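Colleague: I should be grateful for a close look at a single part of this model, set in the context of the chain that surrounds it. Please choose one part and describe its surroundings step by step.

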Amino acid sequence: MSKPTSNGGPAVRRKVTAPSVRARKGGEKITMVTAYDYPGGRIADRAGVDMILVGDSVANVVLGYETTNEVTLEDMIHHTAAVSRSKPKALLIGDMPWMSFHVSPEETLHNAARLVREGGAEAVKLEGGAERVGMIRKILSAEIPVMGHIGLTPQSVHAMGGYKVMGRGLDGARQLIDDAKALDEAGVFALVLEGVPVVLAQVITREVSVPTIGIGAGAYTDGQVLVMHDLIGMNFGHYPKFVRRYEDLAERATGAITDWISDVRGGTFPGDHEAYHMVQAAADQLVTEFAERSNKVGGPELRAVR
Ligand code: KIV
């Protein structure tokens, strides 16, 4: 929610942009949360996050797939467009799905442009290190801001041999530092560090000129990101140890629907105030005309509600 101003009115939030995020390196912590649909976008933006990521985690948490590699560019455009219709003040970032930025720089640019033009994304994110620099440069050449993502990159699940913390050994750590620097030099405006040791995230944060956004990377990054459904307790999958669950919405939503079932079965839903009525004279006339026949059928007595 927007903070009130000194005169008591709600503060008008400035639109967050890629350059404004870039400029916050080392300043107040940056927040990013995922969203996959219109209400998700509204809720995240009302809460005041700086960035909304339409992550390919939509695969697991919303679409019920096993891995993120199952979502397509069409899926990502569809979900990004839904969030975009919430018109967030937060920067809206569309995630590039697996195989949408691997074939050629031209195809990569075309796909990134579709996320912007059809999905309403204001920036794109893609996974990978130095090997992605050519693709990133091509996207940047069309003035589309790019966020990098290194460490535990879920699209590489098969190559990594599972979801593993990356950079635990010295060689792996050095490789990730080199990757981070390569992406920084290529021109990303921010860099997600996922599933890396705290000290490595701290080193990378000091070595690069752009903000680092951590997830499972400890407290020393320039910002933090969480999957919304993890944060609010709406994920039916595995909760990694780095997730702090602030709500248990799945439990609360189940409780709400259970209560409704019980009210319907117990005859207390809907109440008269939750239904539409005729003008009294017309209702009385209708009851008079049909009462005798209708009451023979059985069930509750036909009556004009007053
Ligand atoms: O898809 C996603 O949700 C992500 C975040 C975890 C960074 O990539």
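Modeller: Domain bounds, as used here, come from an automatic or database domain assignment. For this protein chain, that assignment gives domain 1 as residues 18-249 and domain 2 as residues 268-306. The model is a predicted one. Taken over C-alpha atoms, the centres of domain 1 and domain 2 are separated by 57 Å.

A few features of the whole chain come before the chosen part. The protein chain holds 12 helices and 8 strands. Its radius of gyration is 25 Å, well over the 19 Å that the globule rule gives for 306 residues, so the chain is more spread out than a compact globule. The C-alpha trace spans about 85 × 50 × 35 Å along its principal axes. Buried residues make up 39% of the 306 in the protein chain. Among contacts with a separation of 6 or more, 58% are accounted for by residues 24 or more positions apart.

The strands provide the setting for the close look. The 8 strands close into a barrel, in the order β1-β2-β3-β4-β5-β6-β7-β8, with parallel pairing. From one strand to the next, the twist averages 25°. In general, strands of a sheet pair through backbone hydrogen bonds, in either a parallel or an antiparallel manner. One pair in the barrel is β5, residues 146-151, and β6; these strands run parallel and are joined by 5 bridges. Within this pair, Gly-151 stands opposite Glu-194 of β6. Helix α8 packs on the sheet and touches both β5 and β6. The direction of α8 makes about 175° with that of β5.

The part chosen for the close look is helix α9, which covers residues 198-207. Which of its residues are buried? They are Leu-200, Ala-201, Ile-204 and Thr-205. When α9 is viewed down its axis, the buried residues fall within an arc of 140°, and they therefore line one face of the helix. Val-199 and Arg-206, on the other side of α9, are exposed.

What do the buried residues of α9 pack against? Their partners are helix α8 (170-186) and the strands β6 (190-194) and β7 (212-215). Two of these partners have already appeared above: α8 touches β6 as well as β5. Strands β6 and β7, for their part, follow one another in the order of the barrel. The buried face of α9 thus packs against a helix and two strands, while Val-199 and Arg-206 lie exposed on the other side.

Key: Residues are numbered from 1 along each chain as its sequence is written. This is a predicted model: local features need pLDDT of at least 70, side-chain atom pairs count only at pLDDT 80 or more; totals for chains, interfaces and linings use all residues. Helices (H or I, at least four residues) and strands (E, at least two) are DSSP runs, numbered from the N terminus. The radius of gyration is taken over C-alpha atoms; the globule rule is 2.2 Å times the number of residues to the power 0.38. A residue is buried if 20 or more other C-beta atoms lie within 10 Å of its own, exposed if 12 or fewer, and partly exposed in between; C-beta atoms are placed from the backbone. Two residues are in contact if their C-beta atoms, placed from the backbone, lie within 7 Å. The arc is that of the directions from the helix axis to the C-beta atoms. Two strands pair if DSSP finds at least two bridges between them. Axes are lines fitted to C-alpha atoms, for helices over the stretch in contact, and angles run from 0 to 180 degrees between N-to-C directions.
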